[in-house]
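Biologist: Please take a close look at chain A in this model. I would like to know how it is built and where it meets its partner.

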Amino acid sequence: MKILKIFILLFLVTNFSELRSDEINDVLKNKILKNIRCLICQGQSVYDSESEFASSIKLIVDRKINEGLKEKQIYQFLREKYGDWVIFDPQLNKNTYVLWLLPLLLFLFGGAIIYKKIILNKK
Amino acid sequence: MKNKFSLFVVVIFLSFCFVIFYKGLNTPNNYTPKVNEKKNIPTFRAKDFNLDSHINSDEIFEENTFYIVNIWASWCVPCRAEHPLLMQLSKNQSIKLIGLNYRDNYDNAKKFIDDFGNPYSRILIDKDGTLGIEFGAYGVPETFLIDKNKDIIKKFVGPINQEIVNEIKSIIK
């Protein structure tokens with residue numbers, strides 16, 4: 001009886017851990033797919049699209065996750081094939097400096113105006 | 001003087017923003033593939049169309065030979081239009097044609113080849129489209145030119161035409 005209990009316990013533990021790992025992979029897969037642009041659709045992510053291109057990408061991402069590739073490695077793989085455009089979230093590189101730095105510059109510029117108008121005028 | 005300087009800074013800043021956004025407006029908002037980017041051929045394993053076996057990419061591509069990888073399908077209308085040109089290219093001894101049968105039914109693909117002729121030295125089956133992704137394709141037909149160093153040197157999106165055939169011939173000369 002004791003052996004049976006141990007066996008059942010082991011069975012449950014191993015199966016639940018497997019389920020957990022599958023769930024983690026699914027969450028990661030969905031996160032990646034939502035960040036990949038469907039190149040033949042209008043403004044849709046691969047996650048939202050049912051096109052042939054999207055279904056092939058879904059298979060590839062699934063395969064890469066099972067091969068043990070990390071999220072960034074999968075993005076890099078797709079960037080090598082299709083360029084930066086395929087990823088919704090742009091990386092910081094020479095083509096996107098302005099995109100990333102312009103809001104910061106605008107913020108600093110606005111802050112400087114406010115500082116000058118309010119703080120300095122009060123003094 | 002101080003006000004003039006502030007105005008100058010504001011004008012410069014707004015001009016800068018205008019130029020950036022104007023440039024952004026002129027950039028096409030859809031995917032434009034890079035057709036001249038040099039890339040290594042991907043490593044893959046695929047099923048041969050005529051044999052009931054799988055083959056590795058290393059066994060397909062040899063050094064010192066030009067290759068054309070053409071993605072095609074029997075259901076693809078533009079593929080029919082470019083097929084006579086592929087037949088014309090296949091007569092050239094300096095180049096080998098590899099076909100990638102994309103998301104197709106075997107019987108229909110076989111009928112297509114029987115009806116229109118087989119320009120390919122080897123046909124690979126890409127049942128789920130993932131092999132096309134490995135090549136960086138996003139539709140059908142697409143054609144890749146591979147040089148003697150096993151690098152993809154050109155990519156032609158859509159059906160090839162006589163102009164493209166002439167361009168390929170001039171490269172492989």
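**Chain A and its contact with chain B**

Modeller: Chain A has a mean pLDDT (the predictor's confidence in each residue, from 0 to 100) of 86, and 93% of its residues reach 70 or more. This is a predicted model, in which local features need pLDDT of at least 70 and side-chain atom pairs count only at pLDDT 80 or more, while totals for chains, interfaces and linings use all residues. Residues are numbered from 1 along each chain as its sequence is written, and chains are lettered from A and ligands numbered from 1 in the order in which they are written. Within chain A, helix α1(A), residues 2-34, has the lowest confidence, with a mean of 79, and α2(A) has the highest, at 94.

Chain A holds 4 helices and 0 strands; here helices (H or I, at least four residues) and strands (E, at least two) are DSSP runs, numbered from the N terminus. Its order from the N terminus is α-α-α-α. The radius of gyration of chain A, taken over C-alpha atoms, is 24 Å, well over the 14 Å that the globule rule gives for 123 residues, so chain A is more spread out than a compact globule. That rule is 2.2 Å times the number of residues to the power 0.38. The C-alpha trace of chain A spans about 85 × 45 × 25 Å along its principal axes.

Of the 123 residues in chain A, 14% are buried, meaning that 20 or more other C-beta atoms, placed from the backbone, lie within 10 Å of the residue's own. Among contacts in chain A (C-beta atoms, placed from the backbone, within 7 Å) with a separation of 6 or more, 38% join residues 24 or more positions apart.

The contact between the chains takes 15 residues from chain A and 13 residues from chain B. On the chain B side, α1 (2-26) and α5 (130-135) each supply at least two residues, and α5(B) gives the largest share, 3 residues.

Chain A also takes part in the largest nonpolar core, which has 41 residues; such a core is a set of buried Ala, Val, Leu, Ile, Met, Phe, Trp, Tyr and Cys residues joined through C-beta atoms within 7 Å. Ile57(A) is among the residues with the most contacts inside this core, together with Ile68(B), Val69(B), Ile98(B), Leu100(B) and Leu124(B). Elements giving two or more residues to the core include α2 (52-66) and α3 (71-82) of chain A, while the largest share, 5 residues, comes from β4(B).

Notes: Contact = placed C-beta atoms within 7 Å. Buried ≥ 20, exposed ≤ 12 C-beta atoms within 10 Å, placed from the backbone.
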